[in-house]
Amino acid sequence: MNISLHIGFIPLIDAAALIVAVDEGFAAAEGLDVTLVREVSWSNVRDKLNIGLFDAAHLLAPVAIASSLGLGHVKVPIVAPFNLGLNGNAITVSPALHAAIMSEIDGDRFDPMATALALSRVVAARRKNGAEPLTFGMTFPFSTHNYQLRFWMAAAGVDPDEDVRLVVLPPPYMVDSLANGQVDAFCVGAPWNSIAVDRGVGFILHFVSDILVRAAEKVLAVRQSWSEKNPDVLAALIRAAFRATEFIEHNRAETAHILAQPERVGVDADIILRTLEGRLKIAPDGTMRESSRYLLVGREGAARPDPVQAAWLYAQMVRWGQASISPEALKTAKAVFRPDLYDAVLG
């Protein structure tokens with residue numbers, strides 16, 4: 001078979017399995033002729049997947065659930081038979097906000113509870129002084145980034161809807177927005193946190209894997225109707241993506257060069273390599289920090305979808321007023337993540 005597919009992606013390192021599957025020939029070996037389409041915003045990716053301009057997509061896990069529930073947009077049932085990445089996000093703050101949090105911290109600066117409590121004191125002091133609320137950037141209302149920021153802040157009593165401003169920005173625009181003062185901080189996936197540090201405009205405060213050990217981040221998403229009409233094509237795509245994750249694990253330097261191409265992620269290969277190795281520069285002075293679970297692509301069972309992750313994401317939608325609670329909606333949310341499809345192909 002030689003099947004033509006159009007697949008949308010955002011320039012992020014957790015698109016690696018799709019990019020490598022195409023550029024290293026794993027998709028072609030499965031009889032797939034894949035055109036990867038680089039997009040700038042998650043709403044573009046969602047809309048083009050929903051109306052059929054894309055056959056599949058690199059998609060935020062919560063967007064797949066929201067689309068299946070008809071939240072914030074038209075209802076289009078989506079299935080996710082393969083996780084493209086677990087974790088990979090970080091919270092990056094401006095030098096001024098970093099200094100303010102560090103001046104208020106009581107405890108370990110790598111402890112998310114300690115920084116959240118320090119943030120609550122910064123927020124209270126700003127309110128007392130009549131200062132504008134702090135502005136945090138995230139990538140989409142239905143995003144892990146939004147829920148992770150809220151989860152972290154709310155643990156220390158900061159109300160993300162009253163005490164700060166949360167604004168939506170496409171990932172590639174985050175760094176400039178921090179540099180020019182439009183936001184005081186952001187939560188985004190790799191490589192954009194590292195770019196901010198390298199440019200001297202931000203400090204990585206936390207890897208989100210400090211806050212949540214294993215968080216479903218991006219999925220390979222297809223319309224449910226398409227998956228039912230094209231089971232063999234979907235199986236071939238899952239196999240190609242899995243072979244790509246094995247390649248990535250054993251060929252990180254080569255993977256970094258593939259992703260560095262301008263039409264792919266388009267940033268310096270060294271930044272990509274550091275991300276894949278979980279070895280990140282967290283401050284403009286060159287301070288480094290390592291974490292083996294910063295971003296999981298394929299390894300430690302990361303590629304197999306887990307409906308429990310979908311349930312957690314749905315719970316965040318309920319918690320923050322995006323969805324009403326019902327057993328039917330929970331069942332629909334969990335059914336988006338399809339370990340059965342993964343297992344049928346990969347065993």
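**Contacts, cover and crossings**

Modeller: Start with S209. Leaving out residues up to four places away in sequence, S209 touches N87, S291, R293 and Y294. The model is predicted.

Colleague: What makes "touches" the right word for S209 and N87?

Modeller: A contact needs heavy atoms within 4.5 Å. N87 is among the residues that S209 touches.

Colleague: Where does S209 lie?

Modeller: In a loop. β9 (203-207) stands on one side of S209 and β10 (216-223) on the other.

Colleague: Why is S209 called buried?

Modeller: The cut-off is under 20% relative accessible area. S209 has a relative accessible area of 1%, so S209 counts as buried.

Colleague: How much of the protein is buried?

Modeller: 58% of the 347 residues.

Colleague: What makes helix α1 "mostly covered"?

Modeller: The count. α1 spans residues 16-23, and 6 of its 8 residues are buried. They are A16, A17, L18, I19, V20 and A21. After α1 comes G25, with a positive phi near 85°.

Colleague: And what makes α4 mostly covered?

Modeller: In α4 (residues 61-69), 9 of its 9 residues are buried. The buried residues include P62, V63, I65 and L69. Just after α4, G70 has a phi that is positive, about 70°.

Colleague: On to helix pairs. What describes two packed helices?

Modeller: The angle between their axes, and the distance between the axes.

Colleague: Why is α12 called oblique to α13?

Modeller: The axes of α12 (residues 252-260) and α13 (residues 269-276) cross at roughly 130° and come within 8 Å. Roughly perpendicular covers 65 to 115 degrees, and roughly antiparallel starts over 145. The angle falls in neither range, nor under 35 degrees, so α12 is oblique to α13.

Colleague: Which hand does the crossing of α12 and α13 have?

Modeller: That crossing is right-handed. R252, A253, T255, A256, H257, L259 and A260 of α12 make the contact, with A269, I272, L273 and L276 of α13. The contact residues split into 8 nonpolar, 2 polar and 1 charged.

Colleague: Why is α11 called roughly perpendicular to α16?

Modeller: The axes of α11 (residues 231-250) and α16 (residues 339-346) cross at roughly 75°. The label applies from 65 to 115 degrees. The crossing angle lies inside that range, so α11 is roughly perpendicular to α16. The two axes come within 10 Å.

Colleague: Which residues meet there?

Modeller: From α11, L234, A235, I238, R239 and F242. From α16, L341, Y342, V345 and L346. The residues of this contact divide into 8 nonpolar, no polar and 1 charged.

Colleague: What about I105: where is it, and what does it touch?

Modeller: I105 sits in the loop between α5 (95-104) and α6 (112-128). Residues up to four places away in sequence aside, I105 touches A114, T115, A118 and R121. I105 and A116 are 11 residues apart in sequence, and their C-alpha atoms are 8.9 Å apart.

Colleague: Now the whole protein. How many helices and strands are there?

Modeller: The protein has 16 helices and 13 strands.

Colleague: How do you know that the protein is as compact as a globular protein of its length?

Modeller: Compare two values. The radius of gyration is 20 Å, and the globule rule gives 20 Å for 347 residues, so the protein is as compact as a globular protein of that length. Along the principal axes, the C-alpha atoms fill a box of roughly 65 × 45 × 30 Å.

Colleague: What share of the contacts links residues 24 or more positions apart?

Modeller: 76% of the contacts with a separation of 6 or more.

Technical notes:
Residues are numbered from 1 along each chain as its sequence is written. This is a predicted model: local features need pLDDT of at least 70, side-chain atom pairs count only at pLDDT 80 or more; totals for chains, interfaces and linings use all residues. Side-chain values use heavy atoms; hydrogens and water are left out. Axes are lines fitted to C-alpha atoms, for helices over the stretch in contact, and angles run from 0 to 180 degrees between N-to-C directions. Helices (H or I, at least four residues) and strands (E, at least two) are DSSP runs, numbered from the N terminus. A crossing is left-handed if the near helix is turned anticlockwise from the far one by less than a right angle, and right-handed if clockwise. Ala, Val, Leu, Ile, Met, Phe, Trp, Tyr, Cys and Pro count as nonpolar, Asp, Glu, Lys and Arg as charged, and the others, Gly among them, as polar. The radius of gyration is taken over C-alpha atoms; the globule rule is 2.2 Å times the number of residues to the power 0.38. Buried means under 20% relative accessible area, exposed over 50%, partly exposed in between (1.4 Å probe, protein chains only).
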